[in-house]
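Trainee: I'd like a close look at the inside of this one. Please start with the empty space, then take me through the packed core.

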Amino acid sequence: MSVSDWDDWLPRAVESASPDTVAAWYLGCNGFFLKGSEGTTVAIDPYVGLGDPPRTVRMIPVPFDPDDIDEMDAVLATHEHTDHVHGPSQAPILEATDAQYYAPDDSLDVVYEDEAWLDEYDLSKERFTEVAEGDTFEVGEFTIHVEFSHDPDSTHPVSYVIEHDSGTFFHGGDTKPHEEFDELGETYDIDVGVLAFGAVGNIDDKETGEPIRTKWYSTENEVVKAASDLQFDRLVPTHWDMWKGLTADPTVLHHHAKSYDHPERLDIVEIGDRVDL
């Protein structure tokens, strides 16, 4: 398992923060730490693995060591891919804290079967909660709704709508646009929304090793379409920084978004950056 390139400053920054609303730290890839004004802390898809070189090569620093996480109330997984459900990245957080793990069924199959977390780590099945679209649960000061996600590369993805007294945070996992997002945009008043964005590139095939034209994330027009349908006030594009061959320039989204009413603002964040509701 990799050790943080940044020592423990990021976990300590989260611990010491006292946000007036909700603070969100971008972990690179599609991960976030969220902390509310009352101190509730939630992680979404935290991943510190290096990928599977030469097929998937991590292009950004490892921002924290899971063993340095001392406070966490919940860990949320959006879908079953390894950069979203990853034992070495997430199980040590559960071991060291009282955090509950929330994930859809196919993500929990990775936990129980593919990676056998219960055998590899000091964890019990009671620490894991299966979620599905339409579920709502409370984590401290947050009300979390499980909603639809459109990711054809995943077997069962979900989105999370995280409501707080000060505003609403949306995390779509690796979703692409979908007609159902019009209804979600009417249902929730989303202040900050996270959507995966990236280029189309050549990635080595798992079996043959030959480069294959690969599209894993939304293109410029797709990510803006989803943000528009969901009526984001602020769009935070993610995942563009992560994999060699699929990185992209998020600043181009300014040109694609300027003719739409939503998103009202584009927030470009780099790994380790903090945004507040």
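Mentor: Let's pin down one word before we start: a cavity here is a set of points on a 1 Å grid over the protein atoms alone, where a 1.4 Å probe fits but cannot get out. The idea behind it is simple: rolling a probe the size of a water molecule over the atoms shows where empty space is left. Keep in mind that you're looking at a predicted model.

With that rule, you get one cavity of 30 Å³ or more. The volume of the largest cavity is about 70 Å³. Its walls come from P11, V14, E15, F33, T41, I69, D70, E71 and M72. Helix α1, residues 9-16, gives the most to that lining, with three residues. Sort the lining by class and you have five nonpolar, one polar and three charged residues.

Now for the open kind of space. The largest pocket has a volume of about 480 Å³. Its lining takes in 18 residues, and the ones nearest the centre are R55, T56, T82, K206 and W216. By class, the lining of this pocket splits into seven charged, six polar and five nonpolar residues. While we're on the chain as a whole, the UniProt record, an unreviewed entry, lists residues 28-227 under "domain: Metallo-beta-lactamase". In the model, that span is 30% strand and 20% helix, and its end C-alpha atoms lie 20 Å apart.

On to the packed core. Look for an open sheet of seven strands, in the order β9-β10-β11-β12-β13-β16-β17, where the pairing is mixed. At the edges sit β9 (136-139) and β17 (265-266), each of which pairs on one side only.

Start with β13, residues 192-196. On one side β13 pairs with β12 (residues 167-171), running parallel, through three bridges. There, H171 stands opposite V194 of β13. On the other side β13 meets β16 (residues 234-238), again in the parallel sense, over five bridges. V194 turns up here too, with V236 as its bridge partner in β16, while G193 is partnered by L235. From β16 you can step on to β17, which runs parallel to β16 and is joined to it by two bridges. L235 has L266 as its bridge partner in β17.

What about the faces? In a regular strand the side chains alternate between the two faces of the sheet. In β13, V192, V194 and A196 point one way, G193 and L195 point the other way, and all are buried. β16 reads much the same: R234, V236 and T238 go one way, L235 and P237 the other, and all are buried. With five of its five residues buried, β16 is therefore largely enclosed by the rest of the structure.

Part of that surrounding is helix α6, residues 220-229: the cover over its buried residues includes β13 and β16, along with α5 (181-187) and α7 (253-257). The buried residues of α6 are V223, V224, A226, A227, S228 and D229. After the helix comes Q231, which has a positive phi near 60 degrees.

A positive phi also shows up in a hairpin. β14 (residues 201-204) and β15 (residues 211-214) pair antiparallel over four bridges. G201 has T214 in β15 as its bridge partner. Six residues lie between the two strands, and in that turn G209 has a positive phi of about 80 degrees.

One last stop, in a loop this time. L123 is located between α4 (117-120) and β8 (128-130). L123 counts as buried because its relative accessible area is 10%, and the cut-off for buried is under 20%. Leaving out residues up to four places away in sequence, L123 touches A91, L94, E95, W117, L118 and F128. For a sense of scale, L123 and V252 are 129 residues apart along the chain, and 44 Å separates their C-alpha atoms.

Terms used
Residues numbered from 1 in each chain as written. Heavy atoms only, no water. Pairing = 2+ DSSP bridges. Buried < 20%, exposed > 50% of the residue type's maximum accessible area, 1.4 Å probe, protein only. Contact = heavy atoms within 4.5 Å. 1 Å grid on protein atoms, 1.4 Å probe; cavity = no way out; pocket = protein on both sides within 12 Å on 5 of 7 lines; lining within 4 Å. Points joined across faces, edges and corners; volume = space filled by probe spheres on them. Nonpolar A, V, L, I, M, F, W, Y, C, P; charged D, E, K, R; others polar. UniProt positions renumbered as here; feature names shortened; annotations may be inferred.
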